[in-house]
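Could you walk me through this structure, with an eye to its enclosed spaces and one of its hairpins? A friendly tour in plain paragraphs would be ideal.

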Amino acid sequence: MKSNNLYLWITVLLSVFLGFTLGSNQQIVFNVTNFEISSSQKLKQFIQYIETNYVDDIDTDSLVNTMISNVVEQLDPHSVYIPKEEMQQITESMQGAFVGIGVSFFMEQDTVSVVRVIENGPSKAVGILPGDRILMADQDTLFGKNKNSASIIRSLKGKPDTKVQLQVYRKATEEFLEFNLERGQVPIPSVYGYLLSEGVGYIQINRFAQRTGVEFKKTLVSLKEQGADQLVLDLRDNPGGYLHIAEEISDAFLSKRKVMVITESNQGEREEALATEGGLFEKGQVYVLINGQSASASEVVAGALQDNDRAWIVGRRSFGKGLVQQQMPLGAGDAIRLTTARYYTPTGRSIQRSYSEGKDSYYDEIGTRYESGEIQDSDNVPVNDSLQFTTPGGRTVYGGGGITPDEYVPGTSDLDSEWDNYILRSNLVNRFVFLELDKNRTLYTYESLAALIENPLPNKEELLISFQTFFKNQGVPVRMENELLIENSIKAYLALQLFDQEAFLKIIHEQDDFITKTKTLLGRTPLD
């Protein structure tokens, strides 16, 4: 009997020991199993282990998002993970419209202050005016709550045709007003244009969105009806967008079967995009403006017109992005924008810059162009003779790092001046102008844009003192020596708030070296 009990205890202890050993060393068992699985199966198995076996509670969604973001970080600089929080803004920008009430605003003294009322928007239709304060949207109080702009936008946006009741204070008449309106489609234009001079049209494209082709054609037709037989196409600071829209824009200038761009897939398959017949501007000289922030689809258009000897490229070397991305949904509102192809200009050159030193170095290269002296002197633009190509007309062009202009517009080596130029074209001046208008709008009443352009600023000396004080209070240094540039900037933002974007451009171009340079080229072709 005693021996049987001893045997039983030995069996129990051995069972417990084996159970503990196997249970605490499962990794060893799995490692020696050594069966083949795919990478995707391995990742799925890993997530499943985390969900079912990890000792603490964990937000698996957050973990997966972090993993995806980290993986994408290891790819090229233009492959990116887009969380759902950013998707709506990106989608609206690329669709060219959003659903809302149609105002732009500043938060002034913790109150929504209307800067502009957008044409063809719901607010314009019911009579909301610049300078109005929006106090409430339905039952949502918008003032005195330390709300940021993103929170305000969420309150004012909504689904199409949904009603919203706004409580508004009109400072100009000291009235409290109530407006009932329906939210609707508010356009986000990507194309602006006007007649630069007799026979010379000007078109600015700020991105290649879904409706850019339609906007471009409408603007170009209007300029041709006004007599434009030469065109300045401004792609400065344009970060790109849809490749097919870049092809659509290029097609307007090129004759049938001219190569616009060549794409190469990850399988090495090449495909040429060819121009169709009947382009809107196949005749007449074209001048394309670019700078270091002109990228991607902008470079496709510039490359297509340069390589076909169709346009003067004027300005500074472009960004240097020769990769094509495709946006793919990941579910739950997230997406990944993945590089899926390379593109080449019609002569066969790639303009993609190297990113072998990492993303930080890749993006910092734009800034180092000042340090290298490239911005000040075209002789310092890097050229690789092994990447030399020849256009049909015999012009020499280069690959390897952006589109190099035919006519260079140098900058200054004085970084203080470059800073002033940047600040004086920034939204800070826009805010200053709003505050000045808000003090006394009757002081800035103009019958026409021409009246604003031709007349001096009212109370100019006091205005410039106020300007200097504003920037000092903002903690932003700005030199007052260049009075002409400061006046030009103030007038331009007055034109923006009192008239429209085209009015802004007309004034800003009076102090624009790129436009000045282009005017000296009018009437000449790239082969002259």
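Helix α13, residues 427-439, gives the largest share of the lining of the largest cavity, namely 3 residues. The model you are looking at is a predicted one. Helix α16 (483-498) also supplies at least two residues of that lining. If you would like to pick out the wall on your screen, select F432, V433, E436, Y444, L463, I490 and L494. By class, 6 of these lining residues are nonpolar and 1 is charged, with no polar ones. Glu counts as charged, so E436 is the charged residue here. The space inside the largest cavity comes to about 40 Å³, and the count of cavities of 30 Å³ or more is 1.

Now turn to an open space, the second largest pocket, which holds about 850 Å³. Its lining is made of 28 residues, and M94, G241, Y242, Q325 and R337 are the ones nearest the centre. Two or more lining residues come from each of the helices α5 (84-95) and α10 (297-307) and the strands β17 (323-331) and β18 (334-344). The lining of this pocket is a mix of 15 nonpolar, 10 polar and 3 charged residues.

Finally, have a look at strands β10 and β11. Strand β10 spans residues 191-197 and is mostly covered, with 5 of its 7 residues buried. Its partner β11 (residues 200-205) runs antiparallel to β10, and 6 bridges join the pair. One place to see this is G193, whose bridge partner in β11 is I203. The two strands form a hairpin with 2 residues between them. In that turn, G199 has a positive phi of about 80 degrees.

Key: Residues are numbered from 1 along each chain as its sequence is written. This is a predicted model: local features need pLDDT of at least 70, side-chain atom pairs count only at pLDDT 80 or more; totals for chains, interfaces and linings use all residues. Side-chain values use heavy atoms; hydrogens and water are left out. Buried means under 20% relative accessible area, exposed over 50%, partly exposed in between (1.4 Å probe, protein chains only). Helices (H or I, at least four residues) and strands (E, at least two) are DSSP runs, numbered from the N terminus. Two strands pair if DSSP finds at least two bridges between them. On a 1 Å grid over the protein atoms alone, a cavity is a set of points where a 1.4 Å probe fits but cannot get out, and a pocket is an open set with protein on both sides within 12 Å along at least five of seven lines; lining residues have an atom within 4 Å of a point. Grid points are joined across faces, edges and corners, and a volume is the space filled by probe spheres set on the points.
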